[in-house]
Amino acid sequence: MSQNDIINRIKDKLNGFNGYNTLENKNSSDELVREFIKDEMTNTVKIFKEHLEKFSNLNNNKRLIADTVIKKINTVIESADKKSDNDNFFSDRQIDENQITTLLTMDSNLTSKSTAVKEKMIRVSREIATTNSWDREIDEIYSKIKELGFTVERRTKFITNIT
């Protein structure tokens with residue numbers, strides 16, 4: 001898949017995303033990706049909390065699980081909120097085509113994974129929180145959130161290592 005194909009895929013979700021070929025694009029594209037993840041995850045927490053408010057009879061174990069899911073989502077939000085410490089990336093220095101393609105692929109994966117987590121949370125919010133199926137759904141969403149968090153961290157490390 002070409003860089004333009006990946007950029008167009010990302011543009012479907014992030015209006016104004018232009019890739020990483022210029023300093024202006026590096027800064028704005030990075031900001032758009034990080035803001036998108038934060039917004040998706042903030043909406044996910046909101047959906048989940050609204051869902052939990054319907055179930056005042058959750059036992060302590062399920063309440064603890066719900067709190068753990070919210071904490072994990074908040075960790076992803078905090079990670080996405082951090083701009084890379086690598087000032088070289090956010091300078092006029094050119095990064096090579098392979099690095100750009102890798103970063104674009106990560107961005108595409110992040111936008112897809114963020115949306116998948118939010119959509120899964122919407123499905124979870126339709127479940128009755130006291131059922132066994134809710135437990136399975138929560139396990140699945142927690143797994144997706146962990147994967148998203150890992151991908152956010154990997155992207156940050158990748159940008160930091162571009163010098």
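Within this predicted model, residues 24 or more positions apart account for 76% of the contacts in the protein with a separation of 6 or more. The protein holds five helices and zero strands, and its elements, read from the N terminus on, run α-α-α-α-α. Several of the links between distant parts of the chain are salt bridges, and the points below take up the overall picture before turning to individual residues, including Lys 38 and Asp 81, Lys 120 with Glu 137, and Glu 40 in helix H2.

**Overall dimensions and surface**

- The C-alpha trace of the protein spans about 55 × 30 × 20 Å along its principal axes.
- The protein has 163 residues, and of these 44% count as buried.
- Its accessible surface comes to about 8800 Å², and carbon and sulfur atoms contribute 44% of that area.
- The protein carries 27 positive and 27 negative charges, and the mean positions of these two sets are 4 Å apart.

**Salt bridge between helices H2 and H3**

- The count of salt bridges in the protein comes to eleven, and one of them is formed by Lys 38 with Asp 81, whose closest N and O atoms are 2.7 Å apart.
- This pair links distant parts of the chain, since Lys 38 lies in helix H2 (residues 23-53) and Asp 81 lies in helix H3 (residues 60-81), with their positions 43 residues apart in the sense that they are 43 residues apart.
- Lys 38 has a relative accessible area of 14% and is therefore buried, the cut-off being under 20%.
- Asp 81, with a relative accessible area of 43%, is partly exposed, because this value falls between the 20% cut-off for buried and the 50% cut-off for exposed.

**Lys 120 and its two partners in helix H5**

- Glu 137 forms a salt bridge with Lys 120, in which the closest N and O atoms are 2.5 Å apart.
- Here too the pair links distant parts of the chain, with Glu 137 in helix H5 (residues 132-161) and Lys 120 in helix H4 (residues 97-124), 17 residues apart.
- Both Glu 137 and Lys 120 are buried, and for Lys 120 the relative accessible area is 5%.
- The side chain of Lys 120 also meets that of Glu 140 in a salt bridge, at 2.7 Å from N to O.
- Glu 140 in helix H5 and Lys 120 in helix H4 are 20 residues apart, and this pair likewise links distant parts of the chain.
- Glu 140 counts as partly exposed because its relative accessibility is 39%, which lies between the cut-offs of 20% and 50%.

**A network of salt bridges**

- Asp 30, Glu 31, Arg 34, Asp 107 and Arg 155 are joined into one network by salt bridges that share partners.

**Glu 40 and its surroundings**

- Glu 40 has its place in helix H2, and it counts as buried because its relative accessibility of 8% is under the 20% cut-off.
- When residues up to four places away in sequence are not counted, Glu 40 touches Ser 114, Thr 115 and Lys 118.
- With Lys 118 there is also a polar contact between side chains, that of Glu 40 and that of Lys 118, at 3.1 Å.

Terms used:
Residues are numbered from 1 along each chain as its sequence is written. This is a predicted model: local features need pLDDT of at least 70, side-chain atom pairs count only at pLDDT 80 or more; totals for chains, interfaces and linings use all residues. Side-chain values use heavy atoms; hydrogens and water are left out. A salt bridge is a side-chain nitrogen of Lys or Arg within 4 Å of a carboxyl oxygen of Asp or Glu. Helices (H or I, at least four residues) and strands (E, at least two) are DSSP runs, numbered from the N terminus. Buried means under 20% relative accessible area, exposed over 50%, partly exposed in between (1.4 Å probe, protein chains only). Contact means heavy atoms within 4.5 Å. Accessible areas come from the Shrake-Rupley method with a 1.4 Å probe; for residues, only the protein chains shown count as cover. Lys and Arg count as positive and Asp and Glu as negative; His and the chain ends are not counted. The place of a charge is taken as NZ of Lys, CZ of Arg, CG of Asp or CD of Glu. A polar contact is a pair of N or O atoms within 3.5 Å; within protein, one must be able to donate a hydrogen and the other to accept it, and residues adjacent in sequence count only if both atoms are side-chain atoms.
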